[in-house]
Amino acid sequence: IVRKRRFSSIIFQVKRVDQAFEKVGNKDGVGPNRIRDFVLSQLCEAQENCHAQRLAKSWNMKYTGDNTNSKNSSCGEKKKCLQWEDVLPGVVPELICAPNSLIKAFATLHDASVVGFDVEWADDSDGAALLQLATKNTAILIDIPCLASSPEGTDALQKTVGKLFNSSCQVIGFSCQHDISRLYSSPSARKQHWLIGTRAVVDVRKL
């Protein structure tokens, strides 16, 4: 999975291992975190430190990685790619992958009457990988697969994203029919999907 860069599949594969542990028990004294340690080690070897840090944070684990390789890789990427700070100087928004962090971040959108949105996805997945929300004053980056994989995360998505997209606020997108489809196709740990409706969405391409 790491070699093919199918990072959106990792969390679901780990969940399958957890389910296997629940069925057979922990007879050998090897805890379910063994698979998480293995995932982080493989990502470290591949120098995919950003993905490793994101997953470690969602699992409440520490990840230091290979600082030397990470630094060299980061320098190489900055030479090849346009960086956020080159266009919009300031603090890069932190990727949100915890329910409490999502609830807290949405407090900054409380008074917004217009919110822009965009969705990113991986080729190997039907659902959304990243949801970006922004007003003229703030931006939020939401890790959909990570949050939607747990009941607590799904509840947080429903209370925030689900409520926003079905509110009286204007949620603005450009040619966003496929984006909406990806959100609806994203997983949900609850029987009822966290995206309740999309009556607030306005596709500016049609205006």
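**Salt bridges, sheet and helix packing**

Author: Four salt bridges turn up in this chain, a salt bridge being a side-chain nitrogen of Lys or Arg within 4 Å of a carboxyl oxygen of Asp or Glu. The model is predicted, so local features need pLDDT of at least 70 and side-chain atom pairs count only at pLDDT 80 or more, while totals for chains, interfaces and linings use all residues. Residues are numbered from 1 along each chain as its sequence is written, and side-chain values use heavy atoms, with hydrogens and water left out.

Reader: What makes arginine 54 and aspartate 143 a salt bridge?

Author: Their side chains come to 2.3 Å, N to O, and the rule asks for within 4 Å, so the pair qualifies. Arginine 54 sits in helix H3 (residues 49–58) and aspartate 143 in strand E4 (residues 139–143), so the bridge ties together parts 89 residues apart in sequence. Helices (H or I, at least four residues) and strands (E, at least two) are DSSP runs, numbered from the N terminus.

Reader: Are arginine 54 and aspartate 143 buried or exposed?

Author: Both are buried. That word means under 20% relative accessible area, with exposed over 50% and partly exposed in between (1.4 Å probe, protein chains only). Of the chain's 207 residues, 34% count as buried.

Reader: And why is lysine 57 called partly exposed?

Author: Its relative accessibility is 38%, which falls in between the two cut-offs, so partly exposed is the label. Lysine 57 forms a salt bridge with glutamate 94, where the closest N and O atoms are 1.9 Å apart. Lysine 57 is in helix H3 and glutamate 94 in the loop between helix H5 (84–87) and strand E1 (95–96), 37 residues apart.

Reader: Why does glutamate 94 count as exposed?

Author: Glutamate 94 has a relative accessible area of 53%, and exposed means over 50%, so the label fits.

Reader: How do you know that arginine 190 and aspartate 155 form a salt bridge?

Author: The N to O distance is 2.8 Å, so the pair passes the distance rule. Arginine 190 is in the loop between helix H9 (177–185) and strand E6 (201–203), and aspartate 155 is in helix H8 (residues 151–165). Arginine 190 is partly exposed at 39%, and aspartate 155 is partly exposed at 24%.

Reader: On to the sheet. What makes strands E2 and E3 a pair?

Author: Pairing needs at least two bridges found by DSSP. E2 (residues 114–120) and E3 (residues 130–134) have five, in the antiparallel sense. Glycine 116, for one, has alanine 134 in E3 as its bridge partner.

Reader: Why are E1 and E6 placed at the edges?

Author: The six strands form an open, mixed sheet in the order E1-E4-E3-E2-E5-E6. E1 and E6 each have a single partner strand, so one side of each is left without a neighbour in the sheet.

Reader: Why are H2 and H3 called roughly antiparallel?

Author: Helix H2 (residues 33–45) and H3 pack at about 160°, with their axes 8 Å apart. Axes are lines fitted to C-alpha atoms, for helices over the stretch in contact, and angles run from 0 to 180 degrees between N-to-C directions. Over 145 degrees counts as roughly antiparallel (under 35 roughly parallel, 65 to 115 roughly perpendicular, the rest oblique), so the name holds.

Reader: Which residues of H2 and H3 meet?

Author: Val39, Leu40 and Leu43 in H2 meet His51, Ala52, Leu55 and Ala56 in H3, where contact means heavy atoms within 4.5 Å.
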